[in-house]
Amino acid sequence: MRSISPLKFVLSWFDNEIASTLRDSETHRIDWWRVIPFVGLHVACLSLLWVGWSWFAVVFAVLLYALRMFAITGFYHRYFAHKAFQTSRLGQLIFAIIGATAVQRGPLWWAAHHRDHHVHSDQEHDAHSPVQHGFLWSHMGWFLSSANFATKFERVKELAKFPELRFLDRFDVIVPIAFAIAIYGLGELLAAYAPHLNTNGPQLLVWGFVISTVALYHATFSVNSLAHVWGKRRYQTRDHSRNNFLIALLTLGEGWHNNHHHYPGAAKQGFYWWEIDFTYYGLRVLAALGLIWDLRKVPVEIRESKKYQ
């Protein structure tokens with residue numbers, strides 16, 4: 001971080017446009033100031049020792065994990081990054097907001113870096129290749145570095161024309177903060193009006209936001225790290241991507257990573273019926289409701305091509 005005024009430093013925590021001007025492009029240099037909230041969220045998981053647990057809080061955390069994972073996998077990834085289906089402008093905004101609650105930056109930043117990953121997959125300029133940079137860097141070091149802070153707008157020109165998406169990207173802390181406050185408020189309301197649920201604001205905040213978000217982090221990050229070193233390779237891709245059933249379960253279908261790198265544009269990443277892909281099942285429901293359409297399929301001839309014998 002360069003020498004700046006205290007006011008500009010404070011504003012940089014809320015405005016990514018300001019923050020981007022304060023960071024250099026040095027590769028593999030951790031921005032230690034940005035590590036503080038990331039580490040803080042992990043440490044906050046220990047709060048469960050004080051807030052306790054309830055069945056309601058645990059189920060609430062699981063449901064929020066599933067909903068936000070679906071928004072990341074179905075929309076941040078398959079829609080924004082790969083255009084695997086179509087939706088309305090309102091539809092993309094709604095799921096962009098839901099995805100933003102996962103605290104994985106804005107949809108433009110996420111999609112731009114993912115597109116860049118596919119261009120350079122497991123090569124020197126792939127920001128999160130475990131083959132090139134090691135496990136820890138590919139799992140979480142890369143997005144804490146100065147070099148990968150700014151949004152690569154040249155990769156998402158067709159999305160950057162929407163001012164609402166640019167706003168979410170520029171002020172990406174607003175949605176998570178509002179989401180956390182809303183969860184706390186819900187917990188306090190339930191404590192007052194539904195005491196039989198045995199929950200309250202602090203407890204619901206810790207389970208529904210903190211623990212759920214940290215679980216989301218590491219499940220999502222495992223696709224970048226583990227899914228390039230652990231699993232089976234069906235297709236002869238130019239990278240080290242692998243299919244992994246466990247990661248597919250944790251990420252609602254993203255673990256079929258070798259499939260995905262073979263044909264990135266498909267809305268369904270589990271190419272065969274036995275490859276569980278909960279995100280695709282959810283997309284099919286949205287399509288049946290008319291909320292999304294034109295789900296792209298993998299052509300049979302491509303699905304059956306370039307397989308290892």
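**Chatting about a pocket and its salt bridges**

User: Which helix gives the most to the lining of the largest pocket?
Analyst: Helix 13 does, with 6 residues. Helices here are DSSP runs of H or I with at least four residues, numbered from the N terminus. A pocket is an open set of points on a 1 Å grid over the protein atoms alone, where a 1.4 Å probe fits, with protein on both sides within 12 Å along at least five of seven lines; lining residues have an atom within 4 Å of a point.

User: Anything I should know about the model first?
Analyst: It is a predicted model, with residues numbered from 1 along each chain as its sequence is written. Local features need pLDDT of at least 70 and side-chain atom pairs 80 or more, while totals for chains, interfaces and linings use all residues, and side-chain values use heavy atoms, without hydrogens or water.

User: Back to the pocket, then. How many residues line it, and which lie nearest its centre?
Analyst: The lining of the largest pocket has 41 residues, and nearest the centre are Val103, Gln104, Arg105, Phe143 and Tyr217. Helix 3 (32–43), helix 5 (55–81), helix 7 (107–119), helix 12 (174–193) and helix 13 (201–224) are the elements that each give two or more residues to that lining.

User: New topic: how many salt bridges are there?
Analyst: The whole structure has 11 salt bridges, each a side-chain nitrogen of Lys or Arg within 4 Å of a carboxyl oxygen of Asp or Glu.

User: What does Asp277 pair with?
Analyst: Its partner is Arg78, and their closest N and O atoms are 3.1 Å apart. This pair links distant parts of the chain, 199 residues apart: Asp277 sits in the loop between helix 15 (257–262) and helix 16 (278–288), and Arg78 in helix 5.

User: Are those two buried or exposed?
Analyst: Asp277 and Arg78 are both buried (under 20% relative accessible area; exposed is over 50%, partly exposed in between, with a 1.4 Å probe and protein chains only). Together with Glu254, they are linked in a network of salt bridges.

User: Cool. And what does Arg155 pair with?
Analyst: Arg155 forms a salt bridge with Asp116, with 2.8 Å between the closest N and O atoms. Here too distant parts of the chain are linked: Arg155 is in the loop between helix 9 (135–141) and helix 10 (157–160), while Asp116 is in helix 7, 39 residues apart.

User: Why does Asp116 count as buried?
Analyst: Because its relative accessibility is 7%. Arg155, at 27%, counts as partly exposed.
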